[in-house]
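I open this notebook to keep a record of what I looked up, entry by entry, so that I can find my way back to each point later.

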Amino acid sequence: MRQIAVALSVAHRAGVVHRDLKPGNILLRSDGTPVLVDLGIAVVQGGTRLTQTGNLIGTPHYMSPEQVRGTALDGRSDLYSLGVILYELLSGQRPFEATESIAVLHKQVYEPPPPLESIRHDLTPETRQVVATCLEKEPEARYQTAEEVAQAVERALRAELAARRFLFRRCGCHNRWIGICLIAAP
């Protein structure tokens, strides 16, 4: 996820907002490096609009509240979508589910996500905070840049690794491969 945040940072500095960030638009190279793809509905900030006003563009489960409302977007909209992906990666479920797309969109705007700690008790506060900050309804309450997200993800990863090492010492387990599996398992 840090690499995706870095890729978003490059796009945002160029004035490009992805607007459809979702797991299907993150591919993995053979070495495991993630690649951000499908900028087909991306918009250049301050540029001419290429889509009609009033039409929703994006995937409902990953749309930011401001995208749902049809208000002006900036890179923070993509950071919300990144938060949805992080929530899904860590919990195995999307934060907002409903049978109808309109109900999902309503939840994106008006309802808080179920607390991540109610699903994953083993995550550190640093990890939970990264997700919670990305999923703030108001852009001003989120991370303001993708660089901030990348730094927060790095800190959360270090906290997760430190927490896991503590558990292994306490258990007397020193098998590195098992430790990696335990960190990756939801």
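The entries below go from the whole chain to helix pairs, then to two buried residues, and end with charged pairs.

**Entry 1: the whole chain**

I noted before anything else that this is a predicted model. I then looked up the secondary structure, which comes to seven helices and four strands, and I wrote down the order of the elements from the N terminus as α-β-β-β-β-α-α-α-α-α-α. For burial, I found that 41% of the 186 residues in the protein are buried. I also looked at contacts between residues at least 6 apart in sequence, and of these 64% join residues at least 24 apart.

**Entry 2: helices H1 and H3**

Before turning to the pairs, I reminded myself that two packed helices are described by the angle between their axes and by the distance between those axes. How are H1 and H3 placed, as an angle and a distance between axes? I read an angle of about 165° and axes 10 Å apart. Angles over 145 degrees count as roughly antiparallel, so H1 is roughly antiparallel to H3. The crossing in which H1 passes H3 is right-handed. On the H1 side I listed Ile4, Ala5, Leu8 and His12, and these meet Gly75, Asp78, Leu79 and Leu82 in H3. Sorted by class, the residues of this contact are five nonpolar, two polar and one charged.

**Entry 3: helices H3 and H5**

I next took H3, which covers residues 75-91, together with H5, which covers residues 125-134, and found their axes 7 Å apart at an angle of about 140°. The angle falls outside the ranges for roughly parallel, roughly perpendicular and roughly antiparallel, and therefore I entered H3 and H5 as oblique to each other. Here the crossing of H3 past H5 is left-handed. H3 brings Leu79, Tyr80, Gly83, Leu86, Tyr87 and Leu90 to the contact, while H5 brings Thr127, Val130, Val131 and Cys134. I counted by class again, and the contact of H3 with H5 has eight nonpolar residues, two polar ones and no charged ones.

**Entry 4: tyrosine 80**

I stayed with tyrosine 80, which lies in helix H3. Is tyrosine 80 buried or exposed? Its relative accessible area is 0%, and the limit for buried is under 20%, so tyrosine 80 is buried. Setting aside neighbours within four places in sequence, I found that tyrosine 80 has contacts with residues including Met63, Ser64, Pro65, Phe96 and Gln108, and also Cys134, Leu135 and Arg142. For leucine 135 I looked up the C-alpha separation from tyrosine 80, and it is 5.2 Å although the two residues are 55 apart along the chain.

**Entry 5: serine 64**

Serine 64 appeared among the contacts of tyrosine 80, and I therefore looked up its burial, which shows a buried residue with a relative accessible area of 0%. Serine 64 sits in the loop between strand S4 (43-44) and helix H2 (65-69). Beyond its neighbours within four places in sequence, serine 64 is in contact with Leu73, Ser77, Tyr80, Ser81 and Arg142.

**Entry 6: charged pairs**

I reminded myself that side chains of opposite charge can pair when their charged atoms come close. How many salt bridges does the count come to? The count comes to ten salt bridges.

One of them joins arginine 13 and glutamate 147 at 2.8 Å, N to O. This pair links distant parts of the chain, with arginine 13 in helix H1 (residues 2-13) and glutamate 147 in helix H6 (residues 146-171), 134 residues apart. Arginine 13 counts as exposed at 58% relative accessibility, whereas glutamate 147 is partly exposed at 30%.

I also looked up aspartate 20 and lysine 22, whose side chains meet in a salt bridge at 3.5 Å, N to O. Aspartate 20 is buried, with a relative accessible area of 10%, and lysine 22 is partly exposed at 22%.

The side chains of arginine 94 and glutamate 97 form another salt bridge, at 2.9 Å, N to O. Arginine 94 is partly exposed at 25%, and glutamate 97 is likewise partly exposed, at 37%. My final note is that Arg2, Glu154 and Arg158 are joined into one network by salt bridges that share partners.

Note on methods:
Residues numbered from 1 in each chain as written. Predicted model: local features only at pLDDT ≥ 70, side-chain atom pairs only at ≥ 80, totals over all residues. Heavy atoms only, no water. Helix = DSSP H or I, 4+ residues; strand = E, 2+ residues; numbered from the N terminus. Buried < 20%, exposed > 50% of the residue type's maximum accessible area, 1.4 Å probe, protein only. Contact = heavy atoms within 4.5 Å. Axes fitted to C-alpha atoms, helices over the stretch in contact; angles between N-to-C directions. Parallel < 35°, antiparallel > 145°, perpendicular 65-115°, else oblique. Left-handed = near helix turned anticlockwise from the far one by under 90°. Nonpolar A, V, L, I, M, F, W, Y, C, P; charged D, E, K, R; others polar. Salt bridge = Lys/Arg side-chain N within 4 Å of Asp/Glu carboxyl O.
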